[in-house]
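Okay, thanks everyone for coming. I'd like to take a few minutes to walk through one structure, so have a look at the screen.

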Amino acid sequence: FPAEKSVTLEQCRDKCEADPNCRYYASYSNSICNLFMMEQCSLTGWVGNVYADTAPTSAPSAFPTKSPITPPPTPEPHVLVGASKECTGCRKDLFAGRYLYCDGYYAGSTVTHCDWSGGPGDCSFPAEKSVT
């Protein structure tokens with residue numbers, strides 16, 4: 001998919017929820033979005049805010065029952081896990097248009113088929129100036 005610049009926090013969250021490998025996302029100045037492809041976020045210093053993807057990973061199972069079913073709680077829209085931070089490890093850098101650090105070096109990476117700087121094959125994508 002194309003790299004995107006000028007991505008709002010809501011758009012960044014939506015992109016993380018839509019990507020099965022994304023567990024955390026970060027917004028920088030409400031315009032740059034990185035999706036972190038890590039099972040756990042080891043926070044490090046940076047200028048953005050890191051949020052956890054709180055979307056359900058699968059639809060709840062439906063079984064016949066005579067008692068009323070209580071729907072699962074609606075997830076919080078953004079759960080801040082680190083102010084002025086970022087996650088260490090594999091990320092989908094929408095501004096750069098490539099996966100970075102996704103070569104399996106970091107334990108818990110959900111993407112491991114790319115090299116350190118976003119190659120080869122489907123590990124990079126063309127830049128797009130704006131989503132609007």
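I'll start with the overall picture, then go to the core, the helix and a handful of residues.

First thing to say: this is a predicted model. The chain averages a pLDDT of 74, with 69% of the residues scoring at least 70. The stretch to be careful with is residues 56-74, where the pLDDT is below 50. Beyond near neighbours in sequence, that stretch has three contacts in the model.

So, the layout. We've got one helix and ten strands. If you read along the sequence, the pattern is β-α-β-β-β-β-β-β-β-β-β, with the helix coming right after the opening strand. The chain has 132 residues, and 36% of them are buried. How much of the contact map is long-range? Take contacts between residues at least 6 apart in sequence: 59% of those join residues at least 24 apart. On the outside, the chain exposes about 7700 Å², and carbon and sulfur atoms supply 55% of that.

Now the inside. The largest nonpolar core has 19 residues, and the ones touching the most other members are Tyr25, Leu35, Met37, Tyr99 and Val111. Both α1, residues 9-18, and β3, residues 32-36, put at least two residues into this core. Which element gives the largest share? That's α1, with three residues.

Let me stay with Leu35 for a second. Setting aside anything up to four places away in sequence, leucine 35 touches a string of cysteines, Cys12, Cys16, Cys22 and Cys90, along with Tyr24 and Tyr25, and also Lys15, Arg91 and Lys92. There's a second core too, separate from that one, with eight residues, including Tyr24, Phe36, Cys41 and Ala52.

Back to the helix. Which α1 residues are buried? Leu9, Cys12, Arg13 and Cys16. Looking down the axis of α1, the buried residues fall within an arc of 100 degrees, so they line one face of the helix. If you want the reason for that spacing, an α-helix has 3.6 residues a turn, so residues three or four places apart point the same way. As for what that face sits against, the buried residues of α1 pack against β2 (24-28), β3 and β5 (49-52).

Just after the helix there's Asp19, in the loop between α1 and β2. Buried or exposed? Aspartate 19 comes out at 9% relative accessibility, and the cut-off for buried is under 20%, so this one counts as buried. Leaving out neighbours within four places, aspartate 19 is in contact with Met37, Lys92 and Tyr99. Two of those names, Met37 and Tyr99, you've just heard on the list for the largest core.

Next, a pair of arginines. Arg91 is in strand β8, residues 91-93, and at 7% relative accessibility arginine 91 counts as buried. What does the side chain find in there? A polar atom of the arginine 91 side chain lies 3.2 Å from the backbone oxygen of cysteine 87. Further along the sequence, leaving aside neighbours within four places, arginine 91 is in contact with Asn34, Leu35, Phe36 and Met37 on one stretch, with Arg98, Tyr99, Leu100, Tyr101 and Cys102 on another, and with Glu86.

That brings us to Arg98, in strand β9, residues 98-100. Arginine 98 is at 33% relative accessibility, which counts as partly exposed. Again there's a backbone oxygen, here from serine 117, lying 3.2 Å from a polar side-chain atom of arginine 98. Apart from close sequence neighbours within four places, the contacts of arginine 98 include Arg91, Lys92, Asp93, Ser117, Gly118 and Phe125. Arginine 98 and glycine 119 are 21 residues apart in sequence, yet 7.7 Å apart in space, C-alpha to C-alpha.

And glycine 119 leads to a backbone detail. The peptide bond from glycine 119 to proline 120 is cis, with omega near -15 degrees. Proline 120 sits in the loop between β9 and β10 (127-128). In that loop you'll also find tyrosine 101, where phi is near 60 degrees, a positive value in a residue other than glycine. Tyrosine 101 counts as partly exposed, at 29% relative accessibility.

That's my tour, and I'm happy to go back to any of those spots.

Conventions: Residues numbered from 1 in each chain as written. Predicted model: local features only at pLDDT ≥ 70, side-chain atom pairs only at ≥ 80, totals over all residues. Heavy atoms only, no water. pLDDT = per-residue confidence, 0-100. Contact = heavy atoms within 4.5 Å. Core = buried A, V, L, I, M, F, W, Y, C linked by side-chain atoms within 4.5 Å. Buried < 20%, exposed > 50% of the residue type's maximum accessible area, 1.4 Å probe, protein only. Helix = DSSP H or I, 4+ residues; strand = E, 2+ residues; numbered from the N terminus. Arc of directions from axis to C-beta. Areas by Shrake-Rupley, 256 points an atom, 1.4 Å probe, with all protein chains shown as cover. Polar contact = N/O pair within 3.5 Å; in protein donor to acceptor, adjacent residues only side chain to side chain.
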